[in-house]
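Trainee: I would like to practise reading a structure feature by feature. Could you take me through one, with the general idea before each case?

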Amino acid sequence: MNLETQAPGSETLGALETAALLRELTAGLIAVTDFDEALAHLVRIAREAVAGVAWCGFTALRAGEPAGVAASDPALAGLDDLSHGPDSPAMSAIHRREMVLSEDLRREERWPSWSARARELGVRGVISAPVDVDEQVVGAINLYASAAEALTTRHQLTAMLLAEHAGLLLAAVRGRERQAAQADELDSTLLGEGVVGQAIGVIMTQRGCPAPEALQVLRSAATSLDIPLREVAERLVVTVSRPRGS
């Protein structure tokens, strides 16, 4: 069956494929706390799930400056990398805040240098869709085809939905990344703080465990007893400081 000529079936299949893609993307990114890792998952999943797309890439900007790329195929990473110049479909999509399509790069005139490099790598068509992550980070997801005229209206709709969904998921990843960094800072503060630091030292000695694990033991005790962490630490330090037999 030719999916492009069977309209009802094509629409149904396209909707099912897109729904499956978004579900898989959610499952792949739901617990990720590293932004670069999330981008790697994103381009891999999109490449494998979207029929007719040979490669997928992501271009990221943070505070207006290049902030990394991800590519389903490392050989094509240069097409998403702004260090090779800002003249690219990804930057056009980001600056214009709208999807950019080139069905046949052999006839493309908007990005001559980029298009020449893309053709050398076997790319014949591209869709770039802008992705809003948060106030600091924006980007574009780039879908590449190995044949001219292979990217259809269905691919454009998929790219639009993918970009919107990816923006929400990546914003959540950024949030978890910030929370993890703040937790690490707090841990570092607690490890060096008076009675808490002493209690951590006691637990490390008793259990033969590293400091982060000892801090987690204190936190678990505080949660179980429903009392502040510092009070748990004070009780432990007082207990071990008592002379034997008293």
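Trainee: Let me start with one side chain: is Trp111 buried or exposed?

Mentor: Happy to begin there, and please keep in mind that this is a predicted model. Trp111 has a relative accessibility of 2%, and because buried means under 20%, it counts as buried.

Trainee: Which aromatic pair does Trp111 form with Trp114, stacked or edge-to-face?

Mentor: First the general idea: a pair of aromatic rings is described by the distance of the centres and the angle of the planes. A search of the whole structure gives two aromatic pairs. In the one formed by Trp111 and Trp114, the centres are 6.0 Å apart and the planes make an angle of 80°, an edge-to-face arrangement. Trp114 is buried as well, at 2% relative accessibility. Together with Tyr144, Trp111 and Trp114 make up one aromatic cluster.

Trainee: Trp114 brings me to helices. Which residues of helix H4 are buried?

Mentor: Here is the idea to carry along: an α-helix has 3.6 residues a turn, so residues three or four places apart point the same way. In H4, which covers residues 112–120, the buried residues are Trp114, Ser115 and Ala118. Viewed down the axis of H4, these buried residues fall within an arc of 95°, so they line one face of the helix. Pro112, Ser113 and Glu120 are exposed on the other side of H4.

Trainee: What do the buried residues of H4 pack against?

Mentor: Their partners are H3, strand S4 (125–132) and strand S5 (137–145). While you are looking at this region, notice Gly122 just after H4, with a positive phi of about 95°.

Trainee: Where else should I look for a positive phi, in a residue that is not a glycine?

Mentor: Try Ala63, whose phi is positive at about 55°. Ala63 sits in the loop between strand S1 (55–62) and strand S2 (65–71). With 56% relative accessibility, Ala63 counts as exposed. Arg97 is also not a glycine, and has a positive phi of about 60°. The loop that holds Arg97 runs between helix H3 (89–96) and strand S3 (100–102). Arg97 is partly exposed, at a relative accessible area of 38%.

Trainee: Let me turn to helix H7. How does its end-to-end distance agree with the span it should have?

Mentor: The check uses a rise of 1.5 Å a residue. The 15 residues of H7, 211–225, should span 21 Å, and the C-alpha atoms at its ends are 21 Å apart, so the two values agree.

Trainee: And which residues of H7 are buried?

Mentor: Ala211, Ala214, Leu215, Leu218 and Ala222 are the ones to select. They cover an arc of only 100° around the axis, so they are on the same side of H7. On the face turned away from that buried side you will find the exposed residues Pro212, Thr223 and Ser224. Just after H7 comes Asp226, with a positive phi of about 60°.

Trainee: What about contacts between residues far apart along the chain: which residues does Val202 touch beyond four places in sequence?

Mentor: Val202 touches Leu236 and Val240. Val202 belongs to helix H6, residues 194–207, and is buried, with a relative accessible area of 16%. Val237 is 35 residues away from Val202 along the chain, yet their C-alpha atoms are separated by 7.6 Å. For the protein chain overall, take the contacts with a separation of 6 or more: 59% of them join residues 24 or more positions apart.

Trainee: How many helices and strands are there in the protein chain?

Mentor: There are eight helices and five strands. Read from the N terminus, the order is α-α-β-β-α-β-α-β-β-α-α-α-α. Of the 246 residues, 40% count as buried. The exposed area is about 13,000 Å², of which carbon and sulfur atoms supply 53%.

Trainee: Finally, what is the mean pLDDT of the protein chain?

Mentor: The mean is 85, and 87% of the residues reach 70 or more. Look separately at residues 1–9, over which pLDDT stays under 50. For that stretch the model has six contacts beyond four places in sequence.

Methods
Residues are numbered from 1 along each chain as its sequence is written. Side-chain values use heavy atoms; hydrogens and water are left out. Rings of Phe, Tyr and Trp (its six-membered ring) pair if their centres lie within 6.5 Å; planes under 30 degrees apart count as stacked, over 60 as edge-to-face and the rest as tilted. Buried means under 20% relative accessible area, exposed over 50%, partly exposed in between (1.4 Å probe, protein chains only). pLDDT is the predictor's confidence in each residue, from 0 to 100. Contact means heavy atoms within 4.5 Å. Helices (H or I, at least four residues) and strands (E, at least two) are DSSP runs, numbered from the N terminus. The expected span of a helix is 1.5 Å times one less than its number of residues. The arc is that of the directions from the helix axis to the C-beta atoms. Accessible areas come from the Shrake-Rupley method with a 1.4 Å probe; for residues, only the protein chains shown count as cover.
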